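Please take a look at the protein shown here. A short report on its metal site and charged side chains follows.

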Amino acid sequence: MACITCDRSPVWRELSRAAAKSAGARLRRLGILPLKIDWPARASICERCPLRVIQGRVSYCGRPLLDQIRRSSSLDGCGCPTLDKAKDPHEHCPLDRSNRPARRIDGRCSCKWCDS
Ligand code: SF4
Ligand SMILES: [Zn+2]
């Protein structure tokens, strides 16, 4: 059954999504969930990205989520730590090589990570 609060509020939905991602990153650090094998290549793409923000010695995809909850991931980044994001096999970059919004075309992802 869907959570009524999360379904009604985009803010709660974003916070719930961020909490789930954070829990996943913790399980990945403990070796309980798998890492994306080529995550260092993804992380190095983030290091050259214009959306990347460094705050408190942590690299983020855009400003950290809690600093800006309402956002467009292709304009603002997703707000996740880039290392955790790069290690998650289910994640994609929101941008393509030209820093335009990434798309799925015939089942293929055009994001910087998948297209590199
Ligand atoms: S995930 Fe994509 S948009 Fe975000 S910092 Fe990395 S390269 Fe940039
Ligand atoms: Zn992708």
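How are the donor residues of the zinc ion (ligand 2) spaced in sequence? They follow the pattern H-x16-C-x1-C-x2-C. Keep in mind that this is a predicted model.

**The zinc site**

The protein donors of the zinc ion (ligand 2) are H92, C109, C111 and C114. H92 donates through ND1, and the three cysteines donate through SG. These atoms lie 2.1 to 2.4 Å from the zinc ion. The angles among the four donor atoms run from 98 to 130 degrees, and the site is tetrahedral. For comparison, the ideal angle for four tetrahedral donors is 109.5 degrees. Two of the donors can be placed by their accessibility. C111 is buried, with a relative accessible area of 0%. C114 is partly exposed, at 38%.

**A buried arginine**

R71 sits in the loop between β2 (58–61) and α4 (73–76). R71 is buried, yet has no salt bridge. The nearest side chain of opposite charge belongs to D76, 5.2 Å away. Why does this pair not count as a salt bridge? The distance of 5.2 Å is beyond the 4 Å cut-off. What does the side chain of R71 reach instead? One partner is the backbone oxygen of D76, at 3.1 Å. Another is the backbone oxygen of Q68, which lies 2.8 Å from a polar atom of the R71 side chain. R71 also touches residues further off in sequence, including C61, P64, L65 and C78.

**Salt bridges**

How many salt bridges does the structure hold? There are seven. The table shows three of the pairs.

| Pair | Closest N to O distance |
|---|---|
| E14 and R17 | 2.5 Å |
| D96 and R100 | 3.9 Å |
| R97 and D115 | 2.9 Å |

Start with E14 and R17. Both lie in helix α2 (residues 10–29), three residues apart, so about one helical turn separates them. R17 is partly exposed, with a relative accessible area of 34%.

Next come D96 and R100. Is each one buried or exposed? D96 counts as buried at 12% relative accessibility, whereas R100 counts as exposed at 51%.

The salt bridge between R97 and D115 links distant parts of the chain. R97 is in the loop between α5 (82–87) and β3 (104–105), and D115 is in the segment after β4 (108–109). The two are 18 residues apart. R97 is exposed, at 57% relative accessible area. D115 is partly exposed, at 33%.

Finally, K21, K85 and E91 are linked in a network of salt bridges.

Methods: Residues numbered from 1 in each chain as written. Chains lettered and ligands numbered in written order. Predicted model: local features only at pLDDT ≥ 70, side-chain atom pairs only at ≥ 80, totals over all residues. Heavy atoms only, no water. Donors = N, O, S within 2.8 Å, 3.2 Å for Na, K, Ca; no water. Tetrahedral: all angles 85-135°; square planar, octahedral: opposite > 155°, others 65-115°. Buried < 20%, exposed > 50% of the residue type's maximum accessible area, 1.4 Å probe, protein only. Helix = DSSP H or I, 4+ residues; strand = E, 2+ residues; numbered from the N terminus. Lys, Arg positive; Asp, Glu negative; His and termini not counted. Polar contact = N/O pair within 3.5 Å; in protein donor to acceptor, adjacent residues only side chain to side chain. Contact = heavy atoms within 4.5 Å. Lists of a residue's contacts leave out its neighbours within four places in sequence.
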